[in-house]
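Please open the structure in a viewer and keep the selection tool at hand. The stops below can be followed in order.

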Amino acid sequence: METGKAVWVTPDIRRVLAGNPSPMTATGTNSYLIGRGKGIVLVDPGPDLPDHIEALMAALAPGETIGAIVVTHAHRDHSAAARPLATRTGAPILAFGDATSGRSPLMERLSRAGMAGGGEGADLEFRPDATLTDGQTLPVGDHGPLRVIHTPGHMGGHIALAWRDVLFSGDHAMGWASSLISPPDGDMRAYIGSLEKLLAEPWSLMLPGHGPQVESPGQRLRALLDHRLQREAEVLAALAEASGTPPALAARIYRETPPALLTAAARNVLAHLIDLTERNQISADGTHGLETNYASRDF
C-alpha cells in the first residue's frame, strides 16, 4: 500500500493512504472516495497532514466534487483533516456526534467519576456540521445511497457504512489486528453486539480504516467475535487462578505481546473486566479502573 496515491479498489471506490504509520495504525489511515463525478462522499478524511490533504484533492478528476465528508469516529487519525477539507471543498462534515457521543449510561458514569481513556487520540475538538443516525441513508451522486450503521464499541459514536454490499468498517473491524477497546470511550459489551450486528448482513468486501481490504468479510467478522470471546475466557481462567488488576492480568494473558503494547492490552482487559462485573460473573474491589483488583466469584 503506497502512501498518498489514489488506488481504485472497485470501479467506484478510491483509497488514499495517509502517511501516519504506527503500531496502532498499521501502514496508516485509509481514506475512501465513493462514487464518481458530482457528489462524491469522502469517508474518514484522516489526520491533518498537508500531504494527505493534497493527495485527497489530487485524487479528484477534473470536474469532480465532494458532496459530503463522513467521519466514522472522532479519533484524530480519522477526523482531524475534516475541517481543513470542508473549508477547501465546501462539503459538510457528517458523523454520529463528537468524541463523547453514544456512550452507554455505564460508560458515561465512569467518565464522570474520573475514568480517563488511555491516550488513544480522541479528537475533543471535533464537531460535525450535522449528525447521523443508525439506518440513515446519504446520496452518493447518482450511484445510490450510503447507509449508516451505528457500531459502538471502539467508541460510543463509531459508525460503519454500507454501500451496496461493501462494508466500510472504520476501526470496528480490521484485517491486520483486533481493535482497541479502551473504557470509557470503548465498551466491550457494545463492541460484541456491534460485531453480531454486522455479521447479520452478507458483505462481499470490507474496507477498514487501517490495513488492507478484506475479501471475506463474514469470515473476518466471525474471527474477531471468536477472538473476543476467547479473550473473555482467558480473563476468567486467569482470575480463577488468582485475582489481579488489569495490568497484572494483561501481563499474564498477553504473554507474547511486546512490552510496549501491554498498556493497550491492559485497557482491553479492563473492558472485559467491566463487562464481566456488570454481568455478575466476577467481582471488583472498588470502582472500575486500572488499579482496581478483580476476582473470580469462586474465591
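## A tour by selection

Ser296 is buried, since its relative accessible area is 12%. The model on display is a predicted one. With Ser296 selected, strand 14 may be highlighted around it, as this residue belongs to that strand, residues 294-296. Next, display the surroundings of Ser296: apart from neighbours within four places in sequence, Ser296 is in contact with Leu239 and Ala240.

**Helix 6 against helix 7**

Leu239 leads to the next stop, since it is among the helix 6 residues that meet helix 7. Select residues 217-241 for helix 6 and residues 246-253 for helix 7. Two packed helices are described by the angle between their axes and the distance between the axes. Here the angle is about 110° and the axes are 10 Å apart. Angles of 65 to 115 degrees count as roughly perpendicular, and helix 6 and helix 7 are therefore roughly perpendicular to each other.

Now show the side chains at this contact. Helix 6 contributes Arg231, Glu234, Val235, Ala238, Leu239 and Glu241, while helix 7 contributes Leu249, Arg252 and Ile253. Sorted by class, the contact of helix 6 with helix 7 comprises 5 nonpolar, no polar and 4 charged residues.

Two of the charged residues deserve a selection of their own. Side chains of opposite charge can pair when their charged atoms come close. Glu241 and Arg252 form a salt bridge, with 3.9 Å between the closest N and O atoms. This pair links distant parts of the chain, from Glu241 in helix 6 to Arg252 in helix 7, 11 residues apart. Glu241 counts as exposed at 64% relative accessibility, whereas Arg252 is partly exposed with a relative accessible area of 25%.

**Helix 7 against helix 8**

Keep helix 7 selected and add helix 8, residues 262-278. The axes of these two helices come within 8 Å and cross at roughly 110°. Helix 7 is thus roughly perpendicular to helix 8. On the helix 7 side the contact involves Pro246, Pro247, Leu249 and Ala250. On the helix 8 side it involves Leu262, Ala265, Ala266, Val269, Leu270 and Leu273. Which classes of residue make up the contact of helix 7 with helix 8? Colouring by class gives 10 nonpolar, no polar and no charged residues. Leu249 takes part in the contact with helix 6 and in the contact with helix 8.

**Further salt bridges**

Move on to Asp275 and Arg279. A salt bridge joins these two residues, the closest N and O atoms being 2.8 Å apart. Asp275 counts as buried at 6% relative accessibility, and Arg279 counts as partly exposed at 32%. Another selection brings up a network: Arg103, Glu108, Arg112 and Asp185 are joined by salt bridges that share partners. Over the whole structure, a search finds 17 salt bridges.

One of them takes the tour to Asp12 and Arg36, whose side chains meet at 3.5 Å, N to O. Asp12 lies in the loop between strand 1 (6-10) and strand 2 (13-17), and Arg36 in the loop between strand 3 (30-34) and strand 4 (40-43), so this pair ties together parts that are 24 residues apart in sequence. Asp12 is buried, with a relative accessible area of 14%. Arg36 counts as partly exposed at 39% relative accessibility.

**The aromatic pair**

How many aromatic pairs does the structure hold? There is 1. Select Tyr32 and Phe168 to see it: the ring centres are 5.4 Å apart and the planes stand at 70°, so the pair is edge-to-face. Tyr32 lies in strand 3 and Phe168 in strand 11, residues 166-170, so the pair ties together parts that are 136 residues apart in sequence. Both residues, Tyr32 and Phe168, are buried.

**Last stop: Glu201**

Finally, select Glu201, which is found in the loop between helix 5 (188-199) and strand 12 (205-208). Glu201 is partly exposed, with a relative accessible area of 26%. Residues up to four places away in sequence not counted, Glu201 touches Arg147 and Ile149. To close, place a distance label between the C-alpha atoms of Glu201 and Asp165: they are separated by 8.6 Å, and the two residues are 36 residues apart along the chain.

Conventions: Residues numbered from 1 in each chain as written. Predicted model: local features only at pLDDT ≥ 70, side-chain atom pairs only at ≥ 80, totals over all residues. Heavy atoms only, no water. Axes fitted to C-alpha atoms, helices over the stretch in contact; angles between N-to-C directions. Helix = DSSP H or I, 4+ residues; strand = E, 2+ residues; numbered from the N terminus. Parallel < 35°, antiparallel > 145°, perpendicular 65-115°, else oblique. Contact = heavy atoms within 4.5 Å. Nonpolar A, V, L, I, M, F, W, Y, C, P; charged D, E, K, R; others polar. Salt bridge = Lys/Arg side-chain N within 4 Å of Asp/Glu carboxyl O. Buried < 20%, exposed > 50% of the residue type's maximum accessible area, 1.4 Å probe, protein only. Phe/Tyr/Trp six-rings, centres within 6.5 Å; stacked < 30°, edge-to-face > 60°.
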